[in-house]
Amino acid sequence: MTVSLFDTADLVAELRPQLDRRLLEVVESARFILGPEVEAFETEFAEYLGVEHVVGVANGTDALVIALRALGVERGDDVVVPSFTFYATAEAVAAIGARPVFCDIDPETFCVSGETVERALTPKTRAVVPVHLFGTPAPMAELQMLAEDRGLLLLEDAAQAAGARLDGRPAGAIGDAATFSFFPSKNLFCLGDGGAIATADPVVAERARLLRLHGSRDKTRYELVGYNSRLDALQAAALRVALPRLESWTAGRRALWEAYLEQGLGELVTLPSAPPGAEPSPHMNVVRSERRDELVAALQVAGVESRVQYAEPLHLQPAMRGYAEGVSLPGTELAAATNFALPGGPTRGAQTARRVIDALRQALNSS
């Protein structure tokens, strides 16, 4: 029996009784676009994060695009982003006419640092987008100091980090704004596409609400050129069912990682580290090895799903090469050449860890 990379199907099965009831209530209400269900989720997620405002949108990519514009990033501005991340982080910058400027990561954490960001700053830099990659928070304290010193905006890309904390604060509640994705594999998920913007700034929140609705408050008068990007009520209802379980799911994700460590994972591969004060919520259990391809193949034979992440970093992607001429990112390229993800999720435990570790150990000992 194959051990899948994610356990979303098991989590959906756990939620089915409540999901069936709540989704039926939305269908019977005939309120499918925005409305009370979306407003309720926005309020509940804002309370969880400890921020004043959450604005639900159609997906995590739209959240980035709208958040950048809501913060005031404009055409011609430079925005520093990591190259070792999902394409949408840089795509959103380019989509609004700004220029993504790629910075390196610390391969030990897979996240940017104050040092890597500072090396990428230009006279036109307006904002920095630190990504809390694989559920590990970026070192926000040093990034905040840098941003304050240079007058920069900080937009957290927390798509993979719901449930993570840094110095006791939730990921997504630290910068000028943050974005989330609720794609079905994420730590907090819905039943399709969904996303959100979180911020303490009422001006940013109001502008985001305008932008998600064609730049209008009432669909009769249009103040901005915006988007059709609403979190629909069915997805909001699913998120309201899932949100109360986020803390217990986070504990389950951490328990699986601890089981990997107890089974000796650190003897077989290079383990990631976390910045001081970080409490990751492992979205994916990503490790490194010079023998990565050999180990991934062995896991496949053993019925264990694994995945290489971002093997071709963003600065090497065809669509981004025009923004990356002469860029050298050794930490990124090391991570891209050596990383692979092991099965994760809240429902797995010591048995899963043992099966994965046994397959890794056998592959290493047989060659």
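I started with strand 9 (residues 195–199): five of its five residues are buried, so the rest of the structure largely encloses it. Worth jotting down that this is a predicted model.

Next I checked which way the residues of strand 9 point. Gly195, Ile197 and Thr199 go one way, while Ala196 and Ala198 go the other. All of them are buried, and buried here means under 20% relative accessible area.

**Neighbours of strand 9**

Which strands pair with strand 9? I found strand 1 (residues 53–57), joined to strand 9 by five bridges, and strand 8 (residues 177–181), joined to strand 9 by four. Strand 1 runs antiparallel to strand 9, and strand 8 is antiparallel to strand 9 too.

I then looked up a residue pair for each. On the strand 1 side, His53 sits opposite Thr199 of strand 9. On the strand 8 side, Thr179 has Ile197 of strand 9 as its bridge partner. Both of those strand 9 residues, Thr199 and Ile197, are in the set that points one way along with Gly195.

**The three-strand sheet**

I moved on to an open sheet of three strands, ordered 7-6-10, with antiparallel pairing. Which strands stand at the edges? Strand 7 (169–170) and strand 10 (278–279) do. Each has a single partner strand, so one side of each has no neighbour in the sheet.

For strand 6 (residues 165–166) and strand 7, I noted two bridges and an antiparallel run. Arg165 stands opposite Pro170 of strand 7.

**Strand 11**

Are the faces of strand 11 (residues 285–288) covered or open? I found both covered. Asn285 and Val287 lie on one side, Val286 and Arg288 on the other, and all four are buried, the arginine included.

Strand 11 pairs with strand 12 (residues 339–342) over four bridges, in the antiparallel sense. I looked up the partner of Asn285 in strand 12, and that is Leu342.

**Helix 3 against helix 4**

Last entry: the axes of helix 3 (residues 60–71) and helix 4 (residues 88–95) come within 9 Å and cross at roughly 45 degrees. That angle makes helix 3 oblique to helix 4. I also noted that their crossing is right-handed.

Which residues make the contact? From helix 3, I listed Thr61, Leu64, Val65 and Leu68. From helix 4 come Ala88, Thr89, Glu91, Ala92, Val93 and Ala95. Sorted by class, the contact of helix 3 with helix 4 has seven nonpolar residues, two polar and one charged.

Conventions. Residues numbered from 1 in each chain as written. Predicted model: local features only at pLDDT ≥ 70, side-chain atom pairs only at ≥ 80, totals over all residues. Heavy atoms only, no water. Axes fitted to C-alpha atoms, helices over the stretch in contact; angles between N-to-C directions. Parallel < 35°, antiparallel > 145°, perpendicular 65-115°, else oblique. Left-handed = near helix turned anticlockwise from the far one by under 90°. Contact = heavy atoms within 4.5 Å. Nonpolar A, V, L, I, M, F, W, Y, C, P; charged D, E, K, R; others polar. Buried < 20%, exposed > 50% of the residue type's maximum accessible area, 1.4 Å probe, protein only. Pairing = 2+ DSSP bridges.
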